[in-house]
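Trainee: Please give me a close look at one part of this model, the packing of its helices. Take it pair by pair, and keep it brisk.

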Amino acid sequence: MFLTRRFYIMTAAVAAILAAGFLFSPLFIVGQWLLVILAVLVAADVLALYTVVRLSASRSCAGRFSLGDNNDVRLDLSNHSPMKLRLTLVDELPVQLQTRDMALHCQVAAGESHSLSYPVRPVARGAYAFGHLLVFASTAAGLAERRFRFAEPVTVKVYPSYLMLRKYELMAATNNLTELGIKKVRRAGNNTEFEQIKDYVQGDDYRTINWKASARRSHLMVNVYQDERSQQVFSLIDKGRLMQQSFDGMTYLEYAINTSLVLSYVALHRQDKAGVITFDDRMGPFVPAERSGGQMQRILEALYGLQTSFGESDYSILCPNVDRLVGRRSFFVLYTNFTDFSSLERQLPYLRLLNQRHRLLVVFFEDVELRDYMASPIQGVEDCYQHVIAGKLAYERRLIINTLKQNGIFGLLSSPQNLSVDVINRYIEMKSRHLLV
């Protein structure tokens, strides 16, 4: 049981009247009567809370949460008492949310039910442990509160953003991907590749006749074409210390994981094979590129436990391990973060070597706060120097893109919030131009 603020205000008022009674004696008698009345009201309120008030409550939420998205948690209340109750709900939230002032207020009439909901936006993957649902009930008098405890503790796992994936899936089904910023690109040429040469039979297209082979065999031979084979698309995720940098509460690694999940879905939707490779100073989880029904779930499980390390990423281990893990030429989307041009220069030989054997797209992050600062007006001499330094850092980002291009490597500089759309647009563009392999 807890005494409310109303009780302390009324007690303070009675004490003031009693104190005034030393100056004006009739007030002392009034104060004594008010004190007796207050004591009776408190006793009656407490008795009602423990004998008449009956409540039930429950918490319901999804079995898993989506990273970086608002996930709704619903609280259902039922008042089985013959009186109207004022309720304060405090849900024991996971420590990862760092919320200390969560409280919901409502009034529920006698014999009625009520539902409340609140959003949870996790910014890190892992297991989120909810505690009990605490309900503080008070009557119309509002002098005391009784605490009820409902809902057993439950643990909810936070996975990469599958809500974003469902949004892309819905948009793809309704052919409205352009609403998300995905561009439509006209495919050039046909979508076939050579398979074999066979003897000509009546009905074969004369345009496919292979005249050189026909001359060698002394009878007509034709080329046989088949639909272009699916290509392997790998999300190559750097989980070194530079991916610890955060934006809007989420690290760059979390944005890269969410985008990898969406890219994998889009690649599978376009008949390609999707896979994942991770590394820092050693190789991390690996998912071979496949197009089977459970591939998305395998990718989701592999990305769920991915964490950044505080060490420097070792790009020298990439090429030999990629050669060992990936047998055929593939398309790699490397998510990393270059803070300046010198950081690129150290890794450029390994990127060139990887690009010789595969098609490589290097994706790194634009510093949105730096960009917004450069757009702000200059105020004072010190601010002018800071703008010059910010301009130098922005120039180095553009220099990185140009250097990658000069070395035959595709580059993409994107802000974290636009990362998924920018990567998918580049993938669709490169696929339409037959640049993935």
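Mentor: Contact here means heavy atoms within 4.5 Å. Keep in mind that the model is predicted.

Start with the N-terminal pair. Helix α1 covers residues 5-20, and helix α2 covers residues 25-51. Their axes come within 7 Å. The crossing angle is roughly 160 degrees. Angles over 145 degrees count as roughly antiparallel, so α1 is roughly antiparallel to α2. The crossing of α1 past α2 is left-handed.

Now the side that each helix offers. From α1 come F7, M10, T11, V14, I17, L18 and A20. They meet L27, F28, G31, Q32, L34, L35, L38 and V42 of α2. By class, the residues of this contact are 12 nonpolar, 3 polar and no charged. The spacing along a helix has a general basis: an α-helix has 3.6 residues a turn, so residues three or four places apart point the same way.

Next, go to helix α10, residues 381-406. Check its length. With 26 residues at 1.5 Å each, the expected span is 38 Å. The end C-alpha atoms lie 37 Å apart, which agrees. After α10 comes G408, with a positive phi near 75 degrees.

Several α10 residues are buried: D383, H387, A390, A394, E396, R397, I400, T403 and L404. Note that D383, E396 and R397 are on that list. The buried residues of α10 pack against two helices, α8 (341-357) and α9 (368-375). They also pack against two strands, β20 (359-365) and β21 (410-414).

Take the α9 partner in detail. The axes of α9 and α10 come within 10 Å and cross at roughly 130 degrees. That angle makes α9 oblique to α10. Here too the crossing is left-handed, with α9 passing α10. On the α9 side, L370, Y373 and M374 take part. On the α10 side they meet D383, Q386, H387, A390, G391, L393 and A394. The contact of α9 with α10 divides into 6 nonpolar, 3 polar and 1 charged.

Put the two pairs together. α1 and α2 are roughly antiparallel, whereas α9 and α10 are oblique. The α1 and α2 contact has no charged residues, while the α9 and α10 contact has 1.

Notes: Residues numbered from 1 in each chain as written. Predicted model: local features only at pLDDT ≥ 70, side-chain atom pairs only at ≥ 80, totals over all residues. Heavy atoms only, no water. Axes fitted to C-alpha atoms, helices over the stretch in contact; angles between N-to-C directions. Helix = DSSP H or I, 4+ residues; strand = E, 2+ residues; numbered from the N terminus. Parallel < 35°, antiparallel > 145°, perpendicular 65-115°, else oblique. Left-handed = near helix turned anticlockwise from the far one by under 90°. Nonpolar A, V, L, I, M, F, W, Y, C, P; charged D, E, K, R; others polar. Expected span 1.5 Å × (residues − 1). Buried < 20%, exposed > 50% of the residue type's maximum accessible area, 1.4 Å probe, protein only.
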